[in-house]
Amino acid sequence: MGDKERLERFEAMKAAVESQHADIAAKMEELKKQGKQRTVTYRQLMGNKLGLENILQLYKLYDID
């Protein structure tokens, strides 16, 4: 795999993580509006969101924006 292909794959992965994070945040906001912050679904989304935030923080730590 060449450097260009590797970079393209990395950029696609980063975009997917950002997209997933935004989707989860939107779903959580909708559940919050419905007063469903204590549901299993909300808590699972929170866990997933925190995991994605950790990945995004690593990108920032290594100055990958």
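A helix, as the word is used here, is a DSSP run of H or I at least four residues long, and helices are numbered from the N terminus. With that in hand, I can place one residue straight away: K60 is in helix α2. I will come back to K60 later.

Before going on, please note that this is a predicted model. Everything I say today is about that model.

Let me start with the overall picture. How many helices and how many strands does the protein have? The secondary structure comes to two helices and zero strands. The radius of gyration is 15 Å, and the globule rule gives 11 Å for 65 residues. The value for this protein is well over that, so the protein is more spread out than a compact globule. You can also look at the box that the C-alpha atoms fill: taken along the principal axes, the box is roughly 50 × 20 × 15 Å.

Now the surface. About 5,300 Å² of the protein is exposed, and carbon and sulfur atoms supply 52% of that area. Of the 65 residues, 18% are buried. To count as buried, a residue needs a relative accessible area under 20%.

Next, the two helices. Helix α1 covers residues 3-33 and helix α2 covers residues 40-61. At what angle do they pack? The angle is about 145 degrees, and the axes are 9 Å apart. The crossing of α1 past α2 is left-handed. Sorted by class, the residues in this contact are 14 nonpolar, four polar and six charged. As for contacts across the protein, take those with a separation of 6 or more: 59% of them are between residues 24 or more positions apart.

Let us look at some residues in α1. K14 sits in that helix. Is K14 buried or exposed? K14 has a relative accessible area of 13%, so this lysine counts as buried. If we leave aside the neighbours within four places in sequence, K14 is in contact with Y59, I64 and D65. T41 is another matter: K14 and T41 are 27 residues apart in sequence, and their C-alpha atoms are 25 Å apart in space.

H21 also lies in helix α1. The relative accessible area of H21 is 17%, and H21 is therefore buried. Which residues does H21 touch, not counting those up to four places away in sequence? The answer is K49, L52, E53 and L56.

A12 is one more residue found in α1. Its relative accessible area is 47%, which makes A12 partly exposed. From A12 to K27 there are 15 residues along the sequence and 22 Å in space, C-alpha to C-alpha.

Back to K60, in helix α2. With a relative accessible area of 54%, K60 is exposed. K60 and M28 are 32 residues apart in sequence, and 24 Å separates them in space, C-alpha to C-alpha.

Last, the end of the chain. Y62 is found in the segment after α2. Y62 counts as exposed, at 59% relative accessibility. Y62 and R9 are 53 residues apart along the chain, and the separation of their C-alpha atoms is 17 Å.

D63 is in the segment after α2 as well. At 65% relative accessibility, D63 counts as exposed. What is the phi of D63? The angle is near 55 degrees, a positive value in a residue other than glycine. Why point that out? Because most residues other than glycine have a negative phi.

To recap, the model has two helices and zero strands, and α1 and α2 pack with their axes 9 Å apart. K14 is buried and H21 is buried, whereas K60 is exposed. That is all I have.

Note on methods
Residues numbered from 1 in each chain as written. Predicted model: local features only at pLDDT ≥ 70, side-chain atom pairs only at ≥ 80, totals over all residues. Heavy atoms only, no water. Axes fitted to C-alpha atoms, helices over the stretch in contact; angles between N-to-C directions. Left-handed = near helix turned anticlockwise from the far one by under 90°. Nonpolar A, V, L, I, M, F, W, Y, C, P; charged D, E, K, R; others polar. Rg over C-alpha atoms; globule rule 2.2 N^0.38 Å. Buried < 20%, exposed > 50% of the residue type's maximum accessible area, 1.4 Å probe, protein only. Contact = heavy atoms within 4.5 Å. Areas by Shrake-Rupley, 256 points an atom, 1.4 Å probe, with all protein chains shown as cover.
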